Every structure is written in structure tokens, then in C-alpha cells.
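Let's take a walk through this fold, beginning with one pair of residues and working outward. Have the structure open as you read.

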Amino acid sequence: MFKDLFSLQGRVAVVTGGSRGIGKMIAAGFLNQGAAKVYITARKAPACEATAKELTAQYGGECIALPIDISDLAGIEMLASEIKKREPKLDILVNNAGAAWGAEFDEFPESGWDKVMNLNVKTPFFLTKALAAPLRAAASAQKPAKVINIASIDGIFVNPMETYSYAASKSGLIHLTRRMAARLIKENINVTAIAPGAFKSDMNRAARDHEDEVAQRVPARRVGTDEDMAGVAIYLASRAGDYVVGATIAVDGGVVYANPGLEIAG
């Protein structure tokens, strides 16, 4: 009954922003669990191609680089077109590509608002829409297709940092996840979200460059590891997560729920 509960054997996935950080952790985890192909996107071609080569060499499946800027509709359509050319069915879409911007309230620029809201909220919606056909083709009641949105604990609680558009975008993405889930579950496509806390990445330089200091503000007394992030993504993407619909899972060492008074950058 429980055989292959967390297996992704033979599945095809797309992970946006997959060349580094959380996206790379998830792509590696999927390949480790037997995914046949994992397509990763990034704006910078050399980094995207280097990661694809590294992960293909390390695991049994194939990691394929598609270096496309998906911050606007033209890029979104280009990516969707490339996927549809290659794959009749898409089992898993991870909407991970994101941006952040920090500035004081009185100085916060429109450019810092639009860039973040477009990539963090608009792109996940329109990319899912653009890839709906191959997701539908893969989906069945016995084996739903999966859309996993990467939000943040900053969308659940108030971070002391002045990252207004980032916080609003991640909160919006969490609610968008519920709204999309309510519609797409009718077609056997499960939409869920992950809200990471402190993980080492270029976006979270505090966790990357000041790990010990950040760890002291986490109830679990450490920052997240590759296994922590890959584990929850594998759970949601595999048979184990088939009955999870519309939920957002905080993966943060207890920052949000074990100590709601604690403040930490996520």
C-alpha cells in the first residue's frame, strides 16, 4: 500500500528560478526521487546551464536548462512554448522564480513595487495558465498534476524589514494559491504553496552570510538545509501529497507558528 509513496519515478517537472537557491534544492530533490526530466529556468544562461549539467551528472534523470526571463508575458509564452514543444504532458510545475526589494517607506520606488509584484504574483498565475494544457494532459484522479507556488513566511507574518512589495506579493501568492486550487482541483490539478523561512540563498543573504546569528532567532536553532526544502517539495509533488489541496506549508524551523512573537527575515 505504501510502496513508492514519495517516488517521482518517470515524472516531468518545471522549476522556475532553478539555477540556484531554493529552486536548485527542489530540482535536485525531484531528480533524486526518480523524476525523468526537470526543466529549470533562469535569466542568466551560464548559471542555468551549469546547474543543469551539474544535476544531470549527479542524478539518474535529466536536468534541462531553459534560460528565459519570465518576468513578462512574452517570456512566459516563450517558456510555455518550449515546454509544449518538448513534452505532451507536464506532471509538476514549481513557481519559484521571485524577486525582493527593500527601501524605506518614504523612499520606496514604483519600480521596486512593479518588478516584485509582477514576478512574484503575476508570473505564477500566467505561467500556470500558459502550461494548463500539458498539466491537464498529465492529470487524473489517480495521479493529479501538481502546481507548487513558492511563497514566504513574510506572507504570513510581519517582518520588521521594509520590504513592502515582497511581503504583499507573498501574501497575495498564498491567497492566489487557494483561489487557483479551488478552480483547478476540478481538473485533477492540485495547487499548493511552500512558505520558506531562513534558507541560504542570494535572496536571503542574512541566512547565507550570517548563519549562526540568524539561527539564534529560529526556534529550531538552525537555518534550513537543502534536505528540508527538497523534502516538503517531494511530499507535495508525490503520491504522499495527493490529498493536500490549497494549503501553504511553512518550512521555517518554527518561526511563524512555534514562536509567533519572534521576528526574522524570511
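Start at tyrosine 39: its bridge partner is isoleucine 64 in β3. Keep in mind that you're looking at a predicted model. Zoom out a little, and you'll see that strand β2 (residues 37-41) and β3 run parallel, joined by five bridges.

Now for the whole sheet. It's an open one with seven strands, paired in parallel, and the order across it is β3-β2-β1-β4-β5-β6-β7. The edges belong to β3 (62-66) and β7 (248-251); each has a single partner strand, so one side of each has no neighbour in the sheet. Going from one strand to the next, the twist averages 20 degrees.

Next, the helices. Helix α4 (residues 110-130) lies across β4 (92-95) and β5 (145-150), and its direction is at about 165 degrees to β4. Helix α6 (residues 164-184) packs on the sheet too, where it touches β5, β6 (189-196) and β7. The angle between the directions of α6 and β6 is about 165 degrees.

Let's finish with a residue in helix α4, asparagine 120. Is asparagine 120 buried or exposed? Its relative accessible area is 1%, and the cut-off for buried is under 20%, so asparagine 120 counts as buried. What does the side chain of asparagine 120 reach? It's the backbone nitrogen of alanine 99, at 2.9 Å. Leaving aside residues up to four places away in sequence, asparagine 120 touches Ala97, Gly98 and Ala99, along with Tyr166, Ser169, Lys170 and Leu173.

How values were computed. Residues are numbered from 1 along each chain as its sequence is written. This is a predicted model: local features need pLDDT of at least 70, side-chain atom pairs count only at pLDDT 80 or more; totals for chains, interfaces and linings use all residues. Side-chain values use heavy atoms; hydrogens and water are left out. Two strands pair if DSSP finds at least two bridges between them. Helices (H or I, at least four residues) and strands (E, at least two) are DSSP runs, numbered from the N terminus. Axes are lines fitted to C-alpha atoms, for helices over the stretch in contact, and angles run from 0 to 180 degrees between N-to-C directions. Contact means heavy atoms within 4.5 Å. Buried means under 20% relative accessible area, exposed over 50%, partly exposed in between (1.4 Å probe, protein chains only). A polar contact is a pair of N or O atoms within 3.5 Å; within protein, one must be able to donate a hydrogen and the other to accept it, and residues adjacent in sequence count only if both atoms are side-chain atoms.
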